[in-house]
Amino acid sequence: MSAAASPRPAPGQVSWPVIRTRVALALVLLYAAVSSVRWLQEAAEWPARASQDEISANEHRFAALRAELPVRGVVGYLGHPEVTGPTPRDSNATALLHFRRYLLAQYALAPALLIESTEPEFVVGNFDPGTAPSAPDGLHLVRDFGDGVVLFRRSAP
């Protein structure tokens, strides 16, 4: 090997490839540190955000009702029957909201199976908070759990 092909740094000097390697390693470590700080910040905020998510809030909303329902079986579901709006887009939005509320209630009350019907012995009412729904024909109000959650039961013939 000739001396021109591979110049050696003088004692005490660092070669360019070593400098580039050290800079790249420093950048990787800096990126890892910044990512860790961001992750730690998100982890610290998680309990506050987790208590605000819609699924957890809905499970909390239906907790008292779940204790009074049969563990398994079919339970009726009654939500807002009005799925209309001034425009087709508004009608679609209210239909999607109704369906979302139904799915969230089904998740919160599992393993009981909710069906959109007033025929089963027990019927869950899921309404906007503050509304006072009347019992549908053939059903009587068992309990109003507040926050728009009510339980109806089929009246004896």
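## Exercises on a mixed sheet and helix α2

In this model, 5 strands make an open sheet with mixed pairing, ordered β2-β1-β3-β5-β4. The model is predicted, with local features needing pLDDT of at least 70, side-chain atom pairs counting only at pLDDT 80 or more, and totals for chains, interfaces and linings using all residues. Residues are numbered from 1 along each chain as its sequence is written, and side-chain values use heavy atoms, leaving out hydrogens and water.

**Exercise 1.** Work out which strands stand at the edges of the sheet.

*Solution.*
- Start with the terms: helices (H or I, at least four residues) and strands (E, at least two) are DSSP runs numbered from the N terminus, and two strands pair if DSSP finds at least two bridges between them.
- β2 and β4 (139-146) each have a single partner strand, so each has one side without a neighbour in the sheet.
- On average, neighbouring strands here are turned by 30° against each other, direction ignored. Axes are lines fitted to C-alpha atoms, for helices over the stretch in contact, and angles between N-to-C directions run from 0 to 180 degrees.

**Exercise 2.** Find the sense in which β1 pairs with β2 and with β3, then turn to β4 and β5.

*Solution.*
- β1 (residues 74-78) pairs with β2 (residues 113-115) in the parallel sense, over 3 bridges; here Val74 has Leu113 as its bridge partner.
- With β3 (residues 122-126), β1 is again parallel, over 3 bridges, and Leu78 is partnered by Gly125.
- β4 and β5 (residues 149-154) run antiparallel, joined by 6 bridges. One of the partner pairs is Leu141 with Phe152 in β5.

**Exercise 3.** Place helix α2 against the sheet and describe its course.

*Solution.*
- α2 (residues 54-68) lies across β3, β4 and β5, at about 20° to β5.
- Its 15 residues reach 22 Å from first C-alpha to last, close to the expected 21 Å (1.5 Å times one less than the number of residues).
- At Phe62, α2 bends by about 50°, taken as the angle between axes fitted to the seven residues ending there and the seven starting there.

**Exercise 4.** Is Asn58 buried or exposed, and what does Asn58 contact?

*Solution.*
- Asn58 belongs to helix α2.
- Asn58 is buried because its relative accessible area is 8%; buried means under 20%, exposed over 50%, and partly exposed in between (1.4 Å probe, protein chains only).
- The buried residues of α2 are Asn58, Phe62 and Leu65. An α-helix has 3.6 residues a turn, so residues three or four places apart point the same way.
- Leaving aside neighbours within four places in sequence, Asn58 is in contact (heavy atoms within 4.5 Å) with Leu104, Ala105 and Ala108.
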